[in-house]
Amino acid sequence: STCAAADGAAPPLRLVFVCACHSQPAAAAFARMGVPHVVAVASSALLLDAAAVSFTKHFYLALATGVSVQAAFDIGRKAVSSMPARLTPTSSARHESSKFVLLGSGDHQTPIWPRLLAGALRDASQPLCATNLPAPSETFVGRQVLMSRAVAALLHGRKRYVCLVGAGGIGKTALALAVAHYVRLRHAFPDGVHHVDCSGLSSSLQLAYALAAALSLQLVGPGEEQVREELIGALAPRRLLIVVDRCDELAEAR
């Protein structure tokens, strides 16, 4: 009923974008239900995250300027094909751009929004929470299964503590930061997503002050017990995520 329209009426859904790997079969179902414009990823294609982000951004921006669906689709693909090689380390940018498909029996040469209202644009998006996360690695690819498990543990398993373990240099920090950025963009922790680097720390008191600095907290307790109580009291009412990085070095120092 969402897609179907009464006889002679335009369908209530004019555009569907199924932005996921192998999403063409799902998109075809929307097309069969009468949605005139459906964008998806080819059935046999795995898509890089960077390509999905670039296409989505340029596709919707082009639609908002009043161009046709076909023109916006071509602009999105062109943006992907122009991506630098560092963002597509496992595939060529041109190959990534070819993975997007446009389905549906509608006239793709017509605009979705042919007449834009006059006036300044206003971003009504929910503001992102506070953070001090380092920028995510631009070459972080191929770890989606591990990311999914970590995110599921944090959000669905309601785990208060999730530990990433492994040999040195395999990318634990990169994975942790990728997960942290992912959940922040989805507003999973409204009171903040923060990063604490334990490199060089040699005591739990130093860790407490490092945590306080990351969260911009002022601790005034004269001793370790008082500092710990202050920190716990400040964090208890908050719903936030703290990435404690290189804590193995702190454990070794103790």
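**Close-up views of a predicted model: aromatic pairs, a helix contact and two charges over rings**

**View 1. Phe17 and its edge-to-face partner.** Phe17 is buried, with a relative accessible area of 15%. The structure shown is a predicted model. Phe55 is also buried, at a relative accessible area of 0%. Under the pairing rule used here, seven aromatic pairs are counted. Phe17 and Phe55 make one edge-to-face pair, with ring centres 5.6 Å apart and 65 degrees between the planes. The two residues belong to distant parts of the chain: Phe17 is in strand β1 (residues 15-17) and Phe55 in helix α2, with their positions 38 residues apart.

**View 2. Phe55 stacked with Phe100.** Phe55 has a relative accessible area of 0% and is buried. Phe55 and Phe100 form a stacked pair, 4.0 Å centre to centre with 10 degrees between the planes. Because Phe55 lies in helix α2 and Phe100 in strand β3 (residues 100-103), the pair ties together parts 45 residues apart in sequence. Phe100 has 2% relative accessibility; since this is under 20%, Phe100 counts as buried.

**View 3. The ring cluster.** Phe17, Phe55, Phe59, Tyr60, Phe73 and Phe100 are linked into a cluster by ring pairs. The cluster includes Phe17 and Phe55, which form the edge-to-face pair of View 1. It also includes Phe100, the stacked partner of Phe55 in View 2.

**View 4. Packing of helix α2 against helix α3.** Helix α2 (residues 49-64) packs with helix α3 (residues 69-81) at an angle of about 145 degrees, and the axes are 8 Å apart. The α2 and α3 crossing is right-handed. On the α2 side the contact is made by Ala51, Ser54, Phe55, His58, Phe59, Ala62 and Leu63. On the α3 side the residues are Val69, Ala72, Phe73, Ile75, Gly76, Arg77, Ala79 and Val80. By type, the contact residues are eleven nonpolar, three polar and one charged. Phe55, Phe59 and Phe73 are among the residues of this contact and also belong to the ring cluster of View 3.

**View 5. Arg186 over Tyr182.** Arg186 lies over the face of the Tyr182 ring, at 3.6 Å from the ring centre.

**View 6. Arg239 over Phe189.** The charged end of Arg239 sits over the ring of Phe189, and its distance from the ring centre is 5.6 Å.

Conventions
Residues numbered from 1 in each chain as written. Predicted model: local features only at pLDDT ≥ 70, side-chain atom pairs only at ≥ 80, totals over all residues. Heavy atoms only, no water. Axes fitted to C-alpha atoms, helices over the stretch in contact; angles between N-to-C directions. Helix = DSSP H or I, 4+ residues; strand = E, 2+ residues; numbered from the N terminus. Left-handed = near helix turned anticlockwise from the far one by under 90°. Contact = heavy atoms within 4.5 Å. Nonpolar A, V, L, I, M, F, W, Y, C, P; charged D, E, K, R; others polar. Phe/Tyr/Trp six-rings, centres within 6.5 Å; stacked < 30°, edge-to-face > 60°. Buried < 20%, exposed > 50% of the residue type's maximum accessible area, 1.4 Å probe, protein only. Lys NZ or Arg CZ within 6 Å of the ring centre and 35° of its normal.
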